[in-house]
Structure formats: C-alpha cells, structure tokens
Amino acid sequence: MALGTGLASQFGFVAEGSWNTAGTPNVFLPLVSESMGLDIERMESKAILANRQFMTSEQWAPGKRMAGGDIQLELPSVDCGILLHHMMGGSAGSTTRTYTPANLTGKGLTVQIGVPDVTGTVRPKTYSGCKIASWEIGGAAGEIATWGLSFIAGNETTATGLATATYNTGAAIPFTFTGATILIAGTTTPVSKSTISGDNKLERRYFEGSSITSEPLQTGLTEITGSIDIEFGNNYTDYNRFVNATESALVLNFVSGAKSLAMTMNVRYDGDTPKVGGPGIVPQSLPFKALATAAGADSTALTIVHVV
C-alpha cells in the first residue's frame, strides 16, 4: 500500500506516435506540483418555459471538454529530452542534443499523474494529446533551478491503469544556482535571479460533432521573454543596450558534473532604469525578448543544447 499523501504521487510521460493517440508513460521525473485537470463547459438553454422560474434538467447539456494544466519540476539534468523536443519542436544529436524552434504540428505527449488518496491507493489521471503551450525556466542564488510546463491536452481519462514509476540514474539530480553561468554579450555577469519564458501561441479548435478539441495549432508568433537581475555597477553599459536599442547575445548555462543545459539567445532589452530604494546595493533588472536576427533562421532567437 502506498503512502496516503502527496509523497506517493508520480509524473510520467511518453511521446505519442501521432497526436492524441495515447501511449503508456515510460519516462518519469520527480514532481514538485501539478494542476492538470478537465473543465467541461455547460450549455444552457435561453428558451422560456411558461411560468417556470428555474431552468429544468432538460435545458442544459455538457459542452466543450478542455483538458490540461501546469506541471512544476526542478530542472532535471537527465531525462528531459522528450519534453525539450515538444517544447521547442526540433532536435538533433545524441549525447549532445540541440533543440531549435520547429513546427509542433503532429507532435503529442501522453502525460499521467498519479494522485494518492488517503486510503493509500494512487489514482491515475491520464492526458492524451498533450502539447506544451508555454514554459518557464528559472534560477536564483541559493536555489535549485525550476522548470514549469503548461499543457493543452486533447482529453482526460481516469480509466487508464497506473504506469509503474521507475527513475533512471540521475533523474533526481537537478541543476542548481551553483552551476549556473550567465553571459551578456559574451561577458560573464554575476546574476542573482533569472527567468526565461516561452509561449508557443497554441489555440484549441472545436468542430460540430465532437466535444473534444482537434489538434491545437500555432496562431501567433512564438514569444521568448525573460528577465535578469544584476547589481548596478558598469556605468550604464547594460542599461544603454535598452536605451540605444542594441541587441546582444545572451547565454544561460546550467552545469552539473559532466551534464549541462545551455540556452543561447539573441535578445533586445526592454528596461528598466536603475533606482535607489535605500542604503543597500542598487539592483538592476534587465527584461528581454528573444528575436531572430535579420539574416538568420528562427534558431538564432533561441537554441538549447543539452549535454548528457
């Protein structure tokens, strides 16, 4: 019998052969928290029944099924390749794997969460047709790096059996702040906190005859944004990149032993002015947005290299 608390929870996933064709999860990562669920719209009649003050049981019906939610992880040093591929769209390589922006159409994941009840039984909820709609990777001094994933799912079921969670060697070893390096325009810069977020601009599609979404498609430009917190101390050099509309290379690199995860971007800076808030060190925030270079491909906006 499992523990009757969240200590017995599990998170597993598998790449689908075709979108929304469920598979059995075979990769598992330690879970911090999750909010995966199902929302079913209610269609309510607007018609009037003479002298009735309440809607009747016949005047409503279930509508669109909208499955999905968020998964919060510590940034793993291994077993993140499938998720990175479905986050970015393209990948190549083996022990050194490079992830670049590419078309997400046709790609899907089956995601399963094991939810323990108080009797010690772990109840599965399984989501087919999962696409990574948005994501965020963050790091801060004194902390373990984090990875948040927001999924749009094709459907939810609680009837699929619970997959057996098995963790590969190193799956519980996350990247941390002590192995992080930030380079701004090629210069290593002391950073107290950093975040990078992506939005793949995916949209659900519904048609007559089905309450389940068709494959979500990208309907806008991918957005990669973030922010870096540093100390003010270089004669406005970093701030002037914002003032003068100067783009630069930005590299966020996490290292754990022989393993590493490097995110290389071409970015513009969107503010803001350093301000004195008291007697302490003056902080400086550098909000940024990733852009493809004028002559380059989408990969110049963001490329992720994972060495395993």
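These legends describe close-up views of a predicted model.

**View 1. Ser-248 in strand 18.**
Ser-248 sits in strand 18, which covers residues 248-256. Its relative accessibility is 6%, so Ser-248 counts as buried. The side chain of Ser-248 makes a polar contact with the side chain of Tyr-269, at 2.7 Å. Beyond the neighbours within four places in sequence, Ser-248 is in contact with Ile-184, Ala-185 and Arg-241. Met-265, Asn-266, Val-267 and Tyr-269 complete that list of contacts.

**View 2. Strand 18 and its two partners.**
Strand 12 (residues 180-184) pairs with strand 18 in the antiparallel sense, over five bridges. Within this pairing, Thr-181 has Asn-253 of strand 18 as its bridge partner. Strand 18 is also joined to strand 19 (residues 259-269). These two strands run antiparallel and share nine bridges. Ser-256 stands opposite Lys-259 of strand 19. Strand 18 and strand 19 form a hairpin with two residues between the strands. In this hairpin, Gly-257 takes a positive phi near 65°.

**View 3. Ala-185, a positive phi after strand 12.**
Ala-185 lies in the loop between strand 12 and strand 13 (187-188). Its phi is near 55°, a positive value in a residue other than glycine. Most residues other than glycine have a negative phi. Ala-185 has 38% relative accessibility, so this residue counts as partly exposed. Ala-185 is also one of the contacts of Ser-248.

**View 4. Asn-51, a positive phi in an exposed loop residue.**
Asn-51 is found in the loop between strand 4 (37-44) and strand 5 (60-74). Asn-51 is not a glycine, yet its phi is positive, about 65°. Its relative accessible area is 80%, and the cut-off for exposed is over 50%. Asn-51 is therefore exposed.

**View 5. The cis peptide bond at Asp-272.**
The peptide bond from Gly-271 to Asp-272 is cis. Its omega is near -10°. Most peptide bonds are trans. Asp-272 is in the loop between strand 19 and strand 20.

**View 6. Leu-149 in strand 10.**
Leu-149 belongs to strand 10 (residues 146-153). At 1% relative accessibility, Leu-149 counts as buried. Leaving out residues up to four places away in sequence, Leu-149 touches Gly-69, Asp-70, Ile-71 and Leu-73. The other residues touched by Leu-149 are Leu-83, Met-87, Ile-132, Ser-134 and Trp-135. The C-alpha atoms of Leu-149 and Ala-133 are separated by 7.8 Å. Along the chain, Leu-149 and Ala-133 are 16 residues apart.

**View 7. Helix 1 and the residue that follows.**
The buried residues of helix 1 are Leu-83, Leu-84, His-86, Met-87 and Met-88. Two of these names, Leu-83 and Met-87, also appear among the contacts of Leu-149. Gly-89 follows helix 1 and has a positive phi, near 110°.

**View 8. The largest cavity.**
The structure holds one cavity of 30 Å³ or more. The largest cavity contains about 40 Å³ of space. Its lining consists of His-86, Leu-104, Lys-107, Cys-130, Lys-131, Ile-132 and Leu-202. Strand 9 (residues 122-140) gives the most to this lining, with three residues. By class, the lining divides into four nonpolar, one polar and two charged residues. His-86 of this lining is also listed with the buried residues of helix 1.

**View 9. The largest pocket.**
The largest pocket holds about 440 Å³ of space. It is lined by 19 residues. Those nearest its centre are Pro-101, Leu-221, Thr-222, Asp-298 and Ala-301. Helix 1 (81-88) and strand 20 (283-290) are the elements that give two or more residues to this lining. The lining has 13 nonpolar, four polar and two charged residues.

**View 10. The second largest pocket.**
The second largest pocket has a volume of about 200 Å³. Its lining has 13 residues. Thr-189, Pro-190, Ile-230, Glu-231 and Asp-238 lie nearest the centre. The elements giving two or more residues to this lining are strand 17 (223-231) and helix 2 (237-243). Helix 2 gives the most, with three residues. By class, this lining has four nonpolar, six polar and three charged residues.

Terms used: Residues are numbered from 1 along each chain as its sequence is written. This is a predicted model: local features need pLDDT of at least 70, side-chain atom pairs count only at pLDDT 80 or more; totals for chains, interfaces and linings use all residues. Side-chain values use heavy atoms; hydrogens and water are left out. Helices (H or I, at least four residues) and strands (E, at least two) are DSSP runs, numbered from the N terminus. Buried means under 20% relative accessible area, exposed over 50%, partly exposed in between (1.4 Å probe, protein chains only). A polar contact is a pair of N or O atoms within 3.5 Å; within protein, one must be able to donate a hydrogen and the other to accept it, and residues adjacent in sequence count only if both atoms are side-chain atoms. Contact means heavy atoms within 4.5 Å. On a 1 Å grid over the protein atoms alone, a cavity is a set of points where a 1.4 Å probe fits but cannot get out, and a pocket is an open set with protein on both sides within 12 Å along at least five of seven lines; lining residues have an atom within 4 Å of a point. Grid points are joined across faces, edges and corners, and a volume is the space filled by probe spheres set on the points. Ala, Val, Leu, Ile, Met, Phe, Trp, Tyr, Cys and Pro count as nonpolar, Asp, Glu, Lys and Arg as charged, and the others, Gly among them, as polar. Two strands pair if DSSP finds at least two bridges between them.
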